[in-house]
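Please load the model in your viewer and keep a selection tool at hand. The stops below are meant to be taken in order, each with something to select and something to look for.

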Amino acid sequence: MTAPNVPVEARELAPAMAALRELQGQAAGPQVTGEWEVKCQNCGGTTGFNGSLTATRCPYCATPIQRDDVHNAPARLPVDGVVPFLVGEKQARELVEKWVSKRWFAPSNFRKYRRIGAFSSLYTAYFTYDADTASWYQGERGDDYQVRVGTDEDGDPIYETHTRWYPVAGEVGNEFADLPVLANENLSRERIRSLEPWPVEQARAYSPEFVAGHLCRTYDKDAEESFPEAQQRIESAIESSVRSDIGGDHQRIHELNTSWNWLAYKHLLLPIWLLTVVYMDKTYQVYINGLTGQVSGDRPWSKVKIIAAILAVLAVIVAVVVAFAVSRGHHTPTHHPSGPIHTTVAPPRPTSHR
């Protein structure tokens, strides 16, 4: 591969989005950006076609799709960088084979995924965010102390925990780097989130050579629309840092104001191996991090196997109970009444003499 190894630089979010909105407002129609987009008629997922790729299967539902030249990509944020695959197809198949083989309660047919599933290499769209924040807070710090309130029956002391509160105020600064947010829809965000962390520091400046031969998706949500997810994580981290700064056993935050000194993003393509299985008219997907090999996915459950397992467990429990009862029956001693034994002897009958 002759693609240049150029580091990726972040773009400041506000001016970049202002320029994009202006461009979108002026555009009379779809614009060609070097990437073609096709919308799957089955699941609605948007797939980006790059280079020589003109036909494939939808990576989300395995439906055959083709590129229609009438559908050109509109004005979009350019791709800043890509992190090339480190996990090859052979290793990816071994990882998914191992994952599937451990799904004990999956239907047997599902475990034959090689015949009923589609396995694809896919570049998904991400926005990563960098931020520098300063936060001012007011609140209270709570310190616990023990108060003796009596004694128990043995004469030992009984204590209650009370909290003494103090007013506090302060300032904390936080820096965030490369917080990843998936910018594609029609994918399990929970499953893909579990593939983190992403070594995005290995990103290289985008070149079509990286995605040639792979499926590639452009974003469904732009950097501004995707930011609330990152903002939630940032605000949660700020609150944690404030509580740590307050200290004590308990904290109350009455007021918290944050200034964003710097907020930037990168538009990256991150690699995923994707197994899509349509089983009983329902789609199941297994995701593999194309950099670390982390696996996460969904699978169907076999009611027959679950019922059989429950019955087997019940049978074992019944067998143990019966065996225990029989064992106690064989060792039960014969009980006799306690105390001295009294024997009653009937007196002899008198003999009659005639």
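The tour goes from the whole chain to its cores, then to its salt bridges, and ends at single residues and a surface patch.

**The whole chain**

Begin with everything shown in cartoon form, keeping in mind that this is a predicted model. The chain holds 7 helices and 13 strands, and of its 354 residues 37% count as buried. If you switch on a surface, the chain exposes about 21300 Å², of which carbon and sulfur atoms supply 52%. Among the contacts in the chain with a separation of 6 or more, 78% are made by residues 24 or more positions apart.

**The nonpolar cores**

Next, select Leu77, Phe127, Tyr129, Ala223 and Tyr265, which touch the most other members of the largest nonpolar core, a set of 46 residues. To see where this core draws its residues from, colour the elements that each supply at least two of them, including helix 1 (13-26), helix 2 (89-101), strand 7 (117-151), strand 8 (157-182) and helix 6 (223-246). Strand 11 and strand 12 (282-289) also belong on that list, as does helix 5 (208-211). In soluble globular proteins, nonpolar side chains tend to be buried together.

Which residues does Ala223 contact, leaving aside its neighbours within four places in sequence? Centre the view on Ala223 and you will find Leu13, Met17, Leu77, Phe127, Tyr129 and Tyr265 in contact with it. Then select Cys40, Leu182, Leu268 and Tyr287, which are included in a second, separate core of 22 residues.

**A salt-bridge network around Arg21**

A search of the whole structure finds 13 salt bridges, and a useful place to start is Arg21 with its partners. Select Asp222 and Arg21, whose closest N and O atoms are 2.8 Å apart in a salt bridge. Asp222 sits in the loop between strand 10 (215-216) and helix 6, while Arg21 is in helix 1, so this pair ties together parts that are 201 residues apart in sequence. Are the two partners buried or exposed to some degree? Asp222 is buried, at a relative accessible area of 4%, whereas Arg21 is partly exposed, at 31%.

Now add Glu224, with which Arg21 forms another salt bridge, the closest N and O atoms lying 2.9 Å apart. Here helix 1 and helix 6 supply the partners, Arg21 and Glu224 respectively, so that parts 203 residues apart in sequence are tied together. Glu224 counts as partly exposed, with 43% relative accessibility. With the three residues on screen together, you have one network, in which salt bridges that share partners join Arg21, Asp222 and Glu224.

**Arg11 and Asp80**

Move on to the salt bridge of Arg11 with Asp80, where the closest N and O atoms are 2.5 Å apart. Arg11 belongs to strand 1 (residues 11-12), and Asp80 to the loop between strand 5 (64-66) and strand 6 (81-82), so the pair ties together parts that are 69 residues apart in sequence. Arg11 is partly exposed, with a relative accessible area of 36%, whereas Asp80 is buried, with a value of 9%.

**Lys266**

Keep Asp80 selected and add Lys266, since Asp80 is one of the residues in contact with Lys266. Lys266 lies in strand 11 (residues 250-279). Why does Lys266 count as buried? Its relative accessible area is 11%, and residues count as buried under 20%. Show the side chain of Asp178 as well, because a polar contact of 2.8 Å joins the side chains of Lys266 and Asp178. Beyond neighbours within four places in sequence, the contacts of Lys266 also include Val8, Glu9, Ala10, Tyr126, Phe127, Thr128 and Asp130.

**Glu89 and the patch on helix 7**

Turn next to Glu89 in helix 2, a partly exposed residue with a relative accessible area of 41%. Leaving aside neighbours within four places in sequence, Glu89 is in contact with Phe119 and Trp273. The C-alpha atoms of Glu89 and Phe119 are separated by 9.2 Å, although the two residues are 30 residues apart along the chain.

For the last stop, select Val313, Leu314, Ile317 and Val321, which form a nonpolar patch on the surface with about 360 Å² of accessible area together. Within this patch, Ile317 lies in helix 7 (residues 303-330) and is partly exposed, with a relative accessible area of 46%.

Technical notes
Residues numbered from 1 in each chain as written. Predicted model: local features only at pLDDT ≥ 70, side-chain atom pairs only at ≥ 80, totals over all residues. Heavy atoms only, no water. Helix = DSSP H or I, 4+ residues; strand = E, 2+ residues; numbered from the N terminus. Buried < 20%, exposed > 50% of the residue type's maximum accessible area, 1.4 Å probe, protein only. Polar contact = N/O pair within 3.5 Å; in protein donor to acceptor, adjacent residues only side chain to side chain. Contact = heavy atoms within 4.5 Å. Patch = residues over 30% accessible without salt bridge, like charges linked within 9 Å, V, L, I, M, F, W, Y side chains within 5 Å. Areas by Shrake-Rupley, 256 points an atom, 1.4 Å probe, with all protein chains shown as cover. Salt bridge = Lys/Arg side-chain N within 4 Å of Asp/Glu carboxyl O. Core = buried A, V, L, I, M, F, W, Y, C linked by side-chain atoms within 4.5 Å.
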